[in-house]
Every structure is written in structure tokens, then in C-alpha cells.
Amino acid sequence: MKLYLDDVRTPPEGWILVSTIEIMTFLVATEDVTHISLDHDLGNTDPDNTGYDFMLWLEREVFLGSYDNYPFPVVTFHTDNPVGRANMKRSLDKIYSMLKSK
């Protein structure tokens, strides 16, 4: 399953549009997700959360061992927010570091 977190864009063919962090975390926790693409700003559908908030959740899940026995999905960013992209990238770098050390 390929998940595309965004509040305004249409996902590429074959991707599932997700508009809130609540739904995103649920799907990642319960489904076989192979790819994740993230927008940072979700003002139209989830104004209290961002793609960075999702990355912090994902970082915590990796730290707690949720991916010890499962393949980690490919994560990309399609946001236009440069600061948000940098924050999400830093979080992803921490995740990769944790996964390598296990």
C-alpha cells in the first residue's frame, strides 16, 4: 500500500490519499504500507497537525521496536515547505540511524 498524505494535491496513480495524521497513523500501524509520501502543511484537512508530527510518531514507533520484524517503508516528501521538509528529513535520518543500530 502506498500512502500519500496531503490536504490539496491529488496523489499519483496507485497511491491512496490520506488527509489527516489520525488516519495516517492508523493505516501505517495496521496495514502493509510499502511507501509513504508526505506533505508538511495540512491546513485544509488537519490544521493542528503536520507531516512532521507524523514523522515524530513514526520515529517513536521505530524506537519502540515496531519495525524490528517488518520492512520499513520508503519515505519521501512532496511538500513545498522548505523548513518542514528539513525537519521531516532530520527525523527520517534519525529513524535510519536507529534501524541501522538494531
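In which helix does T25 lie? The tour comes to that residue after a look at the whole chain.

**The whole protein**

Start with everything displayed. This is a predicted model. Three helices and four strands make up the protein. Followed from the N terminus, the elements run β-β-α-β-α-β-α. The radius of gyration is 13 Å, close to the 13 Å that the globule rule gives for 102 residues, so the protein is as compact as a globular protein of that length. Turn the C-alpha trace along its principal axes, and the spans are about 35 × 30 × 20 Å.

Next, switch on the surface. The protein exposes about 5,900 Å², and carbon and sulfur atoms supply 53% of that area. Of the 102 residues, 45% count as buried. Among contacts with a separation of 6 or more, 62% are between residues 24 or more positions apart.

Colour the charged residues as well. There are 9 positive and 16 negative charges, and the mean positions of the two sets are 10 Å apart.

**Helix α2**

Select residues 51–63, which form helix α2. At 1.5 Å a residue, these 13 residues should span 18 Å; the end C-alpha atoms of α2 are 18 Å apart, so the two values agree.

Now show the side chains of this helix. The buried residues in α2 are G51, F54, M55, W57, L58, E59, E61 and V62. What do the buried residues of α2 pack against? Their partners are β1 (2–5), α1 (21–30), β3 (35–38), β4 (74–77) and α3 (82–101). Keep α2 on screen for the remaining stops.

**T25**

Select T25, which is part of helix α1. With a relative accessible area of 15%, T25 falls under the 20% cut-off and is therefore buried. Beyond the residues up to four places away in sequence, T25 touches F54 and W57. Both F54 and W57 are among the buried residues of α2.

**M88**

Move to helix α3 and select M88. The relative accessibility of M88 is 0%, so this residue counts as buried. Neighbours within four places in sequence aside, M88 is in contact with L38, D39, H40, G51, Y52, M55, F77 and T79. Among these, G51 and M55 are buried residues of α2.

Draw a line from the C-alpha of M88 to that of Y52. How far apart are M88 and Y52 in sequence and in space? They are separated by 36 residues in sequence and by 5.2 Å in space.

**S91**

Stay in helix α3 and select S91. Is S91 buried or exposed? S91 is buried, with a relative accessible area of 2%. Apart from neighbours within four places in sequence, its contacts are Y52, M55, L56 and E59. Y52 and M55 also appear in the contact list of M88.

**M98**

The last selection is M98, again in helix α3. At 18% relative accessible area, M98 is under the 20% cut-off and so counts as buried. Setting aside neighbours within four places in sequence, M98 is in contact with E59, V62 and F63. E59 is also in contact with S91, and both E59 and V62 are buried in α2.

To finish, draw a line from the C-alpha of M98 to that of D53. The pair is 45 residues apart in sequence and 18 Å apart in space.

Conventions: Residues numbered from 1 in each chain as written. Predicted model: local features only at pLDDT ≥ 70, side-chain atom pairs only at ≥ 80, totals over all residues. Heavy atoms only, no water. Helix = DSSP H or I, 4+ residues; strand = E, 2+ residues; numbered from the N terminus. Rg over C-alpha atoms; globule rule 2.2 N^0.38 Å. Buried < 20%, exposed > 50% of the residue type's maximum accessible area, 1.4 Å probe, protein only. Contact = heavy atoms within 4.5 Å. Areas by Shrake-Rupley, 256 points an atom, 1.4 Å probe, with all protein chains shown as cover. Lys, Arg positive; Asp, Glu negative; His and termini not counted. Charge placed at Lys NZ, Arg CZ, Asp CG, Glu CD. Expected span 1.5 Å × (residues − 1).
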